[in-house]
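Colleague: I would like to learn how to read the boundary between two domains. Could you take me through it on an example?

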Amino acid sequence: MAIKVQLSKNTSATAHRILLCDKASSYASFLSKEDAAAAKAAFDDKQPMYQTVSGGKSTTLVMLDSSREAYKQLEDARRAAYNVYKGLNGRKVAEASLESLAANKDLGAAFVEGAILSSYQFLKYKTKEVKPNTFLKLAVNENTLSKAALTELEASTAGVLLARTLVNEPLSYLTAEQLSKEIQKTGKEAGFSVEVLNKKKIEALKMGGLLAVNRGSQLPPTFNILEYKPAKTKNKKPIVLVGKGVVYDTGGLSLKPTPNSMDMMKCDMAGAATVIGTLYTIAKLKLPIHVVGLIPATDNRPGEDAYVPGDVVPMMNGMNVEVLNTDAEGRMILADALTYAAKYKPEVVFDFATLTGAAKAALSGLAAAYMGTADAATKQKLETSSKNVHEHIWELPFWEEYGQLIKSDLADIKNVGGSEAGAITAGKFLEHFATYPWLHFDIAGPAYLLAEDSYRGRFGTGVGVRMMVDFIKNY
Ligand SMILES: [Zn+2]
């Protein structure tokens, strides 16, 4: 359960108060003389926060630096919210109020966003020593956050938290078929349509990549089509979002070493979670944009009929792929989804995938790598959205020479390009199937964090949802 936010005319009566300030804010009237002097001394000393507690009541002042670039101020506010949240929750506070005295009117929304995202917990499997958060109510002054901004934040943060929960669910619950059920449930709740193709239909469509990866599994694959199409749309043709839905990746016969790289492989459907969270949010907000989500889903296992290194797989678009590593399975299932996307004649296609260790090695958990064929204006808009929500993305080169690295002697292309430029050769593989403007986001780094990083949390982060919602909102 996440913190519930309520707008309120008067927040002065609450026991615990949070005040957002900048250098010019007159906070003294909220404090005793001694506290005001101590707060000033703390802020002069460049401390970002001052807290005073008396008689069970606390006042927390957050000092934000208005000389920083606008997008950095927003991120400062989100991160401050995490610190304040953890502090008050640690003291078992149930409720607090928030008021912004800062000149920058966007800081209140950013702080609230940070607080909601910081309050997330995944406790489903705890039966003992359950420690649910206590701090679950935040009364926000009407001057600090507008009704419209709150509605938007509630939908977007719910989309992020949904994506986190899907990532955090283990394979013992979240099989491909269960993922489809979750998508159907989400579609009903938010207002988008869902069609689930079963194995028979996937066979009829000749999705050879998805079927090859599924061969080693006891569990059937699914192919999920999510469509949000409001009556009036700004775009003539849809934006298509493709998400990698490998609900668990053992590597297949090219088995991953355990424990270090297999322990977290339930997160290999984080791209699918990004797409689901985004569709949820834009449908909830009734944004006037036609968006389709495509999610191929399966686990990747070394069962007795598993596809083998050396196999040639006929893909949905008619190409033959030589499989030289069964652990490079994400691109095999994404390729068929990208082929399927062409039938919509999309304006643009974005795919999200925890695709390569190489992307993570290059950028860490801090950023997603991206590359592809969409025009500079689209990339520019994405960069702006990325900055607005502080989800870092970084473009990798996509020179055609990299395509040489996946040439196959036996078939048309092979599914791995060797030890160098692994994130890029994965993208080059996908390019063969994307016959429209397209960008590929490799979220292997930021999708799943082993150490808590402020409001981004620990484990599933739901990365990509906030960026895509911002992009679609401003489309
Ligand atoms: Zn893999």
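Colleague: How many residues of domain 1 are in contact with residues of domain 2?

Modeller: In general, the size of an interface is often given as the accessible area lost when the parts come together. Here we count residues instead: in this predicted model, 14 residues of domain 1 are in contact with twelve residues of domain 2. The domain assignment places domain 1 at 4-144 and domain 2 at 155-473, and their centres, taken over C-alpha atoms, are separated by 36 Å.

Colleague: Which elements give two or more residues to the side of domain 1 that touches domain 2?

Modeller: They are helix H2 (70-90) and H3, and H2 supplies the largest share of that side, seven residues. By class, the side of domain 1 that touches domain 2 consists of eight nonpolar, two polar and four charged residues.

Colleague: Where does the largest nonpolar core lie with respect to the domains?

Modeller: Both domain 1 (4-144) and domain 2 (155-473) give residues to this core, so it lies between them. Of its 145 residues, Leu20, Phe111, Ile276, Leu279 and Leu338 touch the most other members, while H8, with nine residues, gives the most to the core. Beyond its neighbours within four places in sequence, Phe111 is in contact with Leu20, Ala77, Arg78, Ala80, Ala81 and Leu98.

Colleague: What covers the buried residues of H4?

Modeller: Helix H4 (residues 147-168) has 22 residues, and its buried residues include Glu152, Leu161, Leu162 and Asn168. Their cover includes helix H3 (107-118), helix H5 (176-190) and helix H8 (270-284), together with strands E19 (448-449) and E20 (459-460) and helix H13 (465-473).

Notes: Residues are numbered from 1 along each chain as its sequence is written. This is a predicted model: local features need pLDDT of at least 70, side-chain atom pairs count only at pLDDT 80 or more; totals for chains, interfaces and linings use all residues. Helices (H or I, at least four residues) and strands (E, at least two) are DSSP runs, numbered from the N terminus. The expected span of a helix is 1.5 Å times one less than its number of residues. A residue is buried if 20 or more other C-beta atoms lie within 10 Å of its own, exposed if 12 or fewer, and partly exposed in between; C-beta atoms are placed from the backbone. Two residues are in contact if their C-beta atoms, placed from the backbone, lie within 7 Å. Domain bounds come from an automatic or database domain assignment. Ala, Val, Leu, Ile, Met, Phe, Trp, Tyr, Cys and Pro count as nonpolar, Asp, Glu, Lys and Arg as charged, and the others, Gly among them, as polar. A nonpolar core is a set of buried Ala, Val, Leu, Ile, Met, Phe, Trp, Tyr and Cys residues joined through C-beta atoms within 7 Å.
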